[in-house]
Amino acid sequence: MPELPEVETIRRAITPQITGSRISGITGSPPTLEPGLTVFWTWIEDRRIEGTSRHGKYLFAGLDSGSSLVFHLGMTGDLLLVSEDDPVPPYTRAMVSFIDGSRLAFTDPRRFGRLGWVPDRDDVIRAKRLGPDALAIQAEELAPILQRSRQKMKFFLLDQHKLAGIGNIYADEILFQAGVHPLREAASLTPDQAARIQPSMQDILRTAISLEADFDQYPGSWLIPHRAPGERCPVCSGEVDRVMIAGRFTYFCPSCQE
DNA sequence: CTCCATGTTTAGAA
DNA sequence: CTTCTAAACATGGA
């Protein structure tokens, strides 16, 4: 489950358990992050996890050596804590074991997820040229990035170089709540629209995280519960529209978004 | 069988 | 260089 709120929810779920734990072994091998981000056992052997962090959709586990394990959950990745005698969860691609007997399973049916190791956490942000984290960015920081881009807004929000953490579902939600058409050019937003992007984005991400990214609990006033052909806009009751942008379906309300 | 899926990368076209 | 399309990756579910 992998957009920013899902990754953050997973991070919060595993952090208390793995922080302070010493790694005793790692088995399995999902494809590693490239380039130069290969996991080598000797670099994490007997290391203690000091804490976790996140940038966009990347999740980091900081080690006492200063280096970090890097997780990207792809489309279907998940991290599950299991105890010593628990069975290995289905679709487990890698398993990190700790000396206290607990284990962290990296499950991923579709195998798009990646696991790697880096000397420094920021190496990933540099190598992937990630933009600012979508949850942390401030309005004053976003304004000039918006103004300098001629991308259509849907492309803009999905572009991890501009802003890190937004995927297909939340991009649509942000545009819906900000009242912006997905094909609107970033630099051409009205001042009011431009000013609404960051607050809408932050409110949506915060709310989603507080609800542990459980779609079933999302407000009926959001677009997310209405992402289906024939559904009606929760604001104006008009029919939601669906177009293919960047190879993915984009849902929006043609009368509320311009 | 067909279509679709919360992501990223890459080759190639304007 | 920038923007965008299509395809590829691998797999399950409707």
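This dialogue reads the DNA contacts, a hairpin and a helix crossing in a predicted model.

Trainee: Which residues lie closest to DNA strand B?

Mentor: A residue is taken as near a strand if one of its heavy atoms lies within 4 Å of it. Here 17 residues surround DNA strand B, and the closest are K57, H72, M75, G167 and R248. Of the atoms of DNA strand B that come within 4 Å of the protein, 62% belong to sugar and phosphate.

Trainee: Which side chains have an N or O atom 2.8 Å from a phosphate oxygen of DNA strand B?

Mentor: A polar contact is a pair of N or O atoms within 3.5 Å. In this model, the side chain of K57 places such an atom 2.8 Å from a phosphate oxygen of DNA strand B, and the side chain of R248 does so at 2.8 Å. For H72, a polar side-chain atom lies 2.9 Å from a phosphate oxygen of that strand.

Trainee: What is the make-up of the surface near DNA strand B by class, and which elements each supply at least two of its residues?

Mentor: The surface comprises 6 nonpolar, 5 polar and 6 charged residues. Helix α6 (168-178) and strand β10 each supply at least two residues.

Trainee: Where does β10 pair with β9, and in which sense, parallel or antiparallel?

Mentor: Strand β9 (residues 241-245) and strand β10 (residues 248-252) are antiparallel, joined over 5 bridges. Within this pair, M244 stands opposite F249 in β10. The two strands form a hairpin with 2 residues between them, and A246 in the turn has a positive phi of about 55 degrees.

Trainee: Which residues are around DNA strand C?

Mentor: The turn residue A246 is one of them; the others are Y91, P109, R110, R111, F112, S149, R150, Q151, K152, F155 and K162. Sugar and phosphate make up 67% of the atoms of DNA strand C that come within 4 Å of the protein. By class, this surface has 5 nonpolar, 2 polar and 5 charged residues.

Trainee: Which parts of DNA strand C do R110, R150 and K152 approach?

Mentor: R110 has a polar side-chain atom 2.7 Å from a base nitrogen of DNA strand C. R150 instead uses a backbone N or O atom, 3.0 Å from a phosphate oxygen. K152 likewise brings a backbone N or O atom to 3.4 Å from a phosphate oxygen.

Trainee: Why are α1 and α7 described as oblique to each other?

Mentor: Angles under 35 degrees count as roughly parallel, and 65 to 115 as roughly perpendicular. The axes of α1 (residues 4-18) and α7 (residues 191-210) come within 9 Å and cross at roughly 40 degrees; the two helices are therefore oblique to each other. Their crossing is right-handed.

Methods:
Residues numbered from 1 in each chain as written. Chains lettered and ligands numbered in written order. Predicted model: local features only at pLDDT ≥ 70, side-chain atom pairs only at ≥ 80, totals over all residues. Heavy atoms only, no water. Pairing = 2+ DSSP bridges. Helix = DSSP H or I, 4+ residues; strand = E, 2+ residues; numbered from the N terminus. Polar contact = N/O pair within 3.5 Å; in protein donor to acceptor, adjacent residues only side chain to side chain. Nonpolar A, V, L, I, M, F, W, Y, C, P; charged D, E, K, R; others polar. Axes fitted to C-alpha atoms, helices over the stretch in contact; angles between N-to-C directions. Parallel < 35°, antiparallel > 145°, perpendicular 65-115°, else oblique. Left-handed = near helix turned anticlockwise from the far one by under 90°.
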